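Open the model in your viewer and keep the selection tool at hand. We will go from stop to stop, picking residues and looking at what is there.

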Amino acid sequence: WFDDSGHGGCYLPETWTVQYKRGDDWVPVDPLNQYETTKDGFNYLCFRPVKTSALRLAVQLQKDVSAGILEWQVR
């Protein structure tokens, strides 16, 4: 996560989750470790395998600010 707090409007998010598409619904993955929110570094989330056509991040921002993603990798 990108964070320039004190210099701009990007802060770490309150929370985030990974979701996958199942039919017409978005469903949270079953994580195998805790969600972390590390500033300017990779946050690794392992989850039980899913078969899907799409993944997304569901992000809850802090009040009145934005958040930024440096990079997102799915392996």
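A residue counts as buried under 20% relative accessible area, as exposed over 50%, and as partly exposed in between. Keep in mind on this tour that the model is predicted.

**First stop: D30 and R48.** Select D30 and show its side chain. With a relative accessible area of 40%, D30 falls between the two cut-offs and is therefore partly exposed. Now add R48: the side chains of D30 and R48 meet in a salt bridge, 2.8 Å from N to O. This pair links distant parts of the chain, 18 residues apart, with both D30 and R48 in the loop between β2 (25-28) and β3. Is R48 buried, exposed or partly exposed? At 47% relative accessible area, R48 is partly exposed.

**Next: K63 and D64.** The structure holds two salt bridges, and here is the one between D64 and K63, whose closest N and O atoms are 3.9 Å apart. Color both residues by accessibility. D64 counts as exposed because its relative accessibility, 72%, is over 50%. K63 comes out at 71% and counts as exposed too.

**Then the surface patch.** Select I69, W72 and V74 and switch on the surface. Together they make a nonpolar patch of about 300 Å². V74 sits in the segment after β3 (55-60), and its relative accessible area of 52% makes it exposed.

**On to the largest pocket.** Keep W72 selected, and add N43, Y44, L45 and Q73. These five are the closest to the centre of the largest pocket, among the 20 residues that line it. How much space lies in this pocket? The volume is about 640 Å³. Which elements give two or more residues to the lining? They are β1 (15-22) and β3. If you color the lining by residue class, you will find 14 nonpolar, three polar and three charged residues.

**Last stop: the whole chain.** Clear the selection, zoom out and switch to a cartoon. The chain has zero helices and three strands, and along the sequence the pattern reads β-β-β. Its C-alpha atoms fill a box of roughly 40 × 25 × 20 Å along the principal axes. For a final look, color the chain by burial: of its 75 residues, 19% count as buried.

Key
Residues are numbered from 1 along each chain as its sequence is written. This is a predicted model: local features need pLDDT of at least 70, side-chain atom pairs count only at pLDDT 80 or more; totals for chains, interfaces and linings use all residues. Side-chain values use heavy atoms; hydrogens and water are left out. Patches are made of residues with over 30% relative accessible area and no salt bridge: like charges are joined within 9 Å, nonpolar side chains (Val, Leu, Ile, Met, Phe, Trp, Tyr) within 5 Å. Accessible areas come from the Shrake-Rupley method with a 1.4 Å probe; for residues, only the protein chains shown count as cover. A salt bridge is a side-chain nitrogen of Lys or Arg within 4 Å of a carboxyl oxygen of Asp or Glu. Helices (H or I, at least four residues) and strands (E, at least two) are DSSP runs, numbered from the N terminus. Buried means under 20% relative accessible area, exposed over 50%, partly exposed in between (1.4 Å probe, protein chains only). On a 1 Å grid over the protein atoms alone, a cavity is a set of points where a 1.4 Å probe fits but cannot get out, and a pocket is an open set with protein on both sides within 12 Å along at least five of seven lines; lining residues have an atom within 4 Å of a point. Grid points are joined across faces, edges and corners, and a volume is the space filled by probe spheres set on the points. Ala, Val, Leu, Ile, Met, Phe, Trp, Tyr, Cys and Pro count as nonpolar, Asp, Glu, Lys and Arg as charged, and the others, Gly among them, as polar.
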